[in-house]
Amino acid sequence: MTEGQTLCDRFERLADHGDRPAVLAFAEDGGARAVSFRELADATARLAAGLIAAGIGRGDTVAVCASNSAEWIIAALGAIRAGGVVAPLDVRLDSRTLGDEIRRSGSRLIFTTAKLHDVVAEACGGDGGPRIALLDGDGWPGGGRSWTELLKSDAAALPAPAPSDDAALFFTSGTTGSPKAVPLTHRNLLSNVDGLLEAGLISRRDRALLPLPLHHVYPFTVGMLAPLLGGATVVLPAGIGGPDILHALRESGATAVIGIPRLLEALLAAIQRRVAAGGRIAGAIFGALLALSIRLRRRLGWRVGRVLFGPLRRAVAPELRLFASGGAPLDPEVAWALEGLGWEVLSGYGLTETSPIISFNRRGANRIGTVGRPIAGFEIRIDRPDETGLGEILVRGPGLFAGYKDDPDATSEAFSEGGWFRTKDLGAVEDGFLRIGARVNETIVLGAGKKVFPEEVEAVLLKSPLLHEAAVLGREGRLVALVVPDAAALRARGNADGGQAAAGEAIGAELRRLGRDLPPHQRVADFAVTRNPLPRTTLRKLRRHLLPDIYEQAKSGVARGQAAEDLSVTDRALLEADTARQAW
């Protein structure tokens, strides 16, 4: 990173890439709209000028609550270019939670869409709340104005923020409790971007597919800022469903995917289903070739899968070469299978508080099963390691935030002497590569003092076709599981009526069978069944602090419902649709 530079300095250089596409956004009808770098730079500067004219000053917060789009990106970059702070918000939040985050952010204006207008307006609290600007349409009867009304023709006099000024405000995912507000400066974000670009993760020749919502710092930095500032194209699929993603992959010429483990697992499962549909002989040949390819990749570094599986790769994504995975641990078996098919899989690790990347695997220096080496400028220290080298990961570096907004107690607790940030994750460093264990407060300590890392056990349990979801937790010194059964698989096993007792017997037998592949202290002693999806963040992490209550309710036979006022915006819209009314 060039000392003294800010994101605004880099935004001014976007136009240097000319008429090459900066954003390629797909619509529901399958078509795509391209926004060039020249157009992106112009719209960003004109919006920044308009925000300033509307009274948004240096350090003021502007929120964005909308699904991914080219307009979302322009709004975020425009807010930063105006010297303000952008606060990306989750579209799935109910009006009460959304209102809380809007108030905590101090937002003076919020960009949203016509579909979300009523929920956002309710969250803003009416008169005296932040103004609303719509990223689609020409305005809204409820008082929203079109974002295009803010565009100015003259963008000459724009402020020059300092590297230490805040540029973005994110809310943590809330896996262990209430979300915290995390301000990130220009220096924080730019150091992360430059570290990724200098390591060659993305180049100007790439087209990076981004299916993840931009309100999270991982897609914001790795999937949007890094590609754009590196001169690459950001590809936005029409939605997060498999058909939308596959269509965008094929039609855009995407060379890289910025994803999460769940996405990679789904792609591999789709490939395996496609092969299985070809019959037993085809499946056997595929399995043998894949095993050979993986063996040659692991032992000799040869990527023969590019040739062996060329037709399959062209059918899935003709130009795709790279998967970047973050947000949660990636199963090494999934990574090796995709490597065997000829793709490159690079996983990393980070937190909202670190902008977010702390470490990642580089091209040509990839050790699957780890999250790579530290990004440039970051230091890692393992605090109080045990006999295996595992201890709490402490970090410090230019990407590290200074503290939580309006929460001095949480800030004080998060830092140790010397400015080291406590990640609350367990890890070990092996030959410079970081290996992740589990969250400190998620590690289960059993009655005999044995430690259990939940995700290790859950990975084994989820190999069963009978279990759609599984989470393990400690109760009274024992290891127990909360499971969501796969109804279709249970029916195929003979539980045709879906009865609770029969399902419980089948799942109990399955858990005992799976336990044979685990050490005694990792075997589940009891379990509870729930039909409701387990609570997760946008990036599919379990919200583990909610699991004990759900387990007790499921164990006692009390159904865990969802109050109408807690419905997400998406769920509410679905229930109000004509199709839903007909179904009811």
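The following dialogue examines the sheet and the overall form of a predicted model.

Student: What makes β1 and β2 count as paired strands?

Tutor: Two strands pair if there are at least two bridges between them. Strand β1, residues 21-26, has five bridges with β2 in the antiparallel sense, so the requirement of at least two is met. In one of these pairings, Val23 has Val35 of β2 as its bridge partner.

Student: Why are β2 and β16 said to stand at the edges of the sheet?

Tutor: The open sheet has nine strands in the order β2-β1-β11-β10-β12-β13-β14-β15-β16, with mixed pairing. Both β2 (32-36) and β16 (373-374) have a single partner strand, so one side of each lacks a neighbour in the sheet.

Student: Which helices lie across or pack on these strands?

Tutor: Helix α2, residues 37-53, lies across β1 and β2 and runs at about 70° to β2. Helix α9, residues 261-276, packs on the sheet and touches β12 (256-259), β13 (322-325) and β14 (344-350). The direction of α9 makes about 140° with that of β13.

Student: How do you know that the radius of gyration agrees with a compact globule?

Tutor: For 584 residues, the globule rule of 2.2 Å times the number of residues to the power 0.38 applies. A compact globule would therefore have a radius near 25 Å, and the chain has 24 Å, which agrees. Along its principal axes, the C-alpha trace spans about 70 × 60 × 55 Å.

Student: What share of the residues counts as buried?

Tutor: Buried means under 20% relative accessible area, and 52% of the 584 residues count as buried.

Note on methods: Residues are numbered from 1 along each chain as its sequence is written. This is a predicted model: local features need pLDDT of at least 70, side-chain atom pairs count only at pLDDT 80 or more; totals for chains, interfaces and linings use all residues. Side-chain values use heavy atoms; hydrogens and water are left out. Helices (H or I, at least four residues) and strands (E, at least two) are DSSP runs, numbered from the N terminus. Contact means heavy atoms within 4.5 Å. Axes are lines fitted to C-alpha atoms, for helices over the stretch in contact, and angles run from 0 to 180 degrees between N-to-C directions. Buried means under 20% relative accessible area, exposed over 50%, partly exposed in between (1.4 Å probe, protein chains only).
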